[in-house]
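Biologist: Please walk me through this structure, one term at a time. I would like to hear what stands behind each word.

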Amino acid sequence: MEDERLKIGKREFRSRLLVGTGKYATFDIMEKALEASGAEVVTVAIRRLDLGEADAKKESLLDHIDRNKYTILPNTAGCYTADEAMRIARLARGMGLSEMIKLEVIGDERTLFPDTESLLHATKILVKEGFIVMPYTNDDPVMAKKLEDAGAACVMPLASPIGSGMGILNPINIRFIQEAVKVPVIVDAGVGTASDSAIAMELGVDGVLMNTGIAGARDPIGMARAMKLAVEAGRLAFLSGRIAKKQYASPSSPAEGIIK
């Protein structure tokens, strides 16, 4: 079955799985997991990069990401104000990483839920500055629409709290968001295993972004491949159209025409 590519701004990608680069035990494991995932977009937390001049010779995360193979998506993880997030976005672009930015403005340290008021404010400004803004937001269709109207290239609602592995807790809200916006909807945060990815894609979202679900697995490389297959299977199932749910049984072999 022919499928369209994932379109974010003017960029197009074959893979609908976006993956993070944090929490891996070693750079070697990270490299192999990225390869196994089939992802084309990988996120990098700019605040977690060691940019000090004194450590210029120190091995860097960026040294282990093939820029010819992957599109780096800088993110503003760890930012608690709009000003801080915008500063990190500008720093990433100044480093020559990308005009794409995964915009995070955290509002609560315990839940890591987004501060959507500040997120919207930062989105408006960064869009005017020419960024392709991909905002991490809550599961609110009203806010998703406001972000789209502000010029966001997609919306990235959480499925459940960041790093929780609880999976898709809010399928109804995800559906409402899909109805509310025309830009891509990419589920972000909370995916714990392959079935979570498949469920998300079967809802009809355009992609899934994850980090902990892969990096925190007992075998990150195996889990990366599982996530790749799950995203592909979920997408194909959505496009193929599942059967309607019924309250009672329906025989797979109709009774009509059976010789008695």
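Modeller: Let us begin with Glu 40, a residue that counts as buried.

Biologist: Why is Glu 40 called buried?

Modeller: Its relative accessible area is 15%. Buried means under 20%, exposed means over 50%, and partly exposed is in between, with a 1.4 Å probe and protein chains only. Glu 40, at 15%, therefore falls in the buried class. A word on the ground rules: this is a predicted model, where local features need pLDDT of at least 70 and side-chain atom pairs count only at pLDDT 80 or more, while totals for chains, interfaces and linings use all residues. Residues are numbered from 1 along each chain as its sequence is written, and side-chain values use heavy atoms, leaving out hydrogens and water.

Biologist: What makes Arg 14 and Glu 40 a salt bridge?

Modeller: Their closest N and O atoms are 3.4 Å apart. A salt bridge needs a side-chain nitrogen of Lys or Arg within 4 Å of a carboxyl oxygen of Asp or Glu, so this pair qualifies. The two residues come from distant parts of the chain, 26 residues apart: Arg 14 is in the loop between strand 2 (11-13) and strand 3, and Glu 40 is in the loop between helix 1 and strand 4. Arg 14 has 59% relative accessibility and counts as exposed, whereas Glu 40 is buried.

Biologist: How many salt bridges does the structure hold?

Modeller: There are 11. Among them, Lys 145 and Asp 149 meet at 3.4 Å, N to O. These two are 4 residues apart in helix 4 (residues 141-149), which means about one helical turn separates them. Lys 145, at 32%, is partly exposed, and Asp 149, at 56%, is exposed. Another is between Glu 232 and Lys 228, at 3.0 Å; both lie in helix 8 (residues 220-240), again 4 residues apart. Lys 102, Glu 104 and Asp 188 are linked in a network of salt bridges.

Biologist: And strand 4: what makes it "mostly covered"?

Modeller: Strand 4 spans residues 41-45, and 5 of its 5 residues are buried. Helices (H or I, at least four residues) and strands (E, at least two) are DSSP runs, numbered from the N terminus. Val 41, Thr 43 and Ala 45 point one way, and Val 42 and Val 44 point the other. In a regular strand, side chains alternate between the two faces of the sheet.

Biologist: How do you know that strand 3 and strand 4 pair?

Modeller: Two strands pair if DSSP finds at least two bridges between them. Strand 3 (residues 17-20) and strand 4 have 3 bridges, so they pair, in the parallel sense. Thr 43 in strand 4 is the bridge partner of Gly 20. On to strand 5 (residues 71-75): 5 bridges join it to strand 4, and the two run parallel. There, Leu 73 is the bridge partner of Thr 43.

Biologist: Why is the unit of strand 3, helix 1 and strand 4 called right-handed?

Modeller: The word applies if, with the strands pointing away from the viewer, the path from the first strand over the helix to the second runs clockwise. Strand 3, helix 1 (residues 27-37) and strand 4 make such a right-handed β-α-β unit. Strand 6, helix 3 (residues 116-128) and strand 7 make a right-handed β-α-β unit too. Strand 6 (residues 100-103) and strand 7 (residues 132-137) run parallel, joined by 4 bridges, and Ile 101 has Val 133 as its bridge partner in strand 7.

Biologist: Stepping back, how many helices and strands does the protein chain have?

Modeller: It has 8 helices and 10 strands.

Biologist: What makes the protein chain as compact as a globular protein of that length?

Modeller: Its radius of gyration is 20 Å, close to the 18 Å that the globule rule gives for 260 residues, so the description fits. That radius is taken over C-alpha atoms, and the rule is 2.2 Å times the number of residues to the power 0.38. Along the principal axes, the C-alpha atoms fill a box of roughly 85 × 40 × 35 Å. Buried residues make up 47% of the 260 residues.
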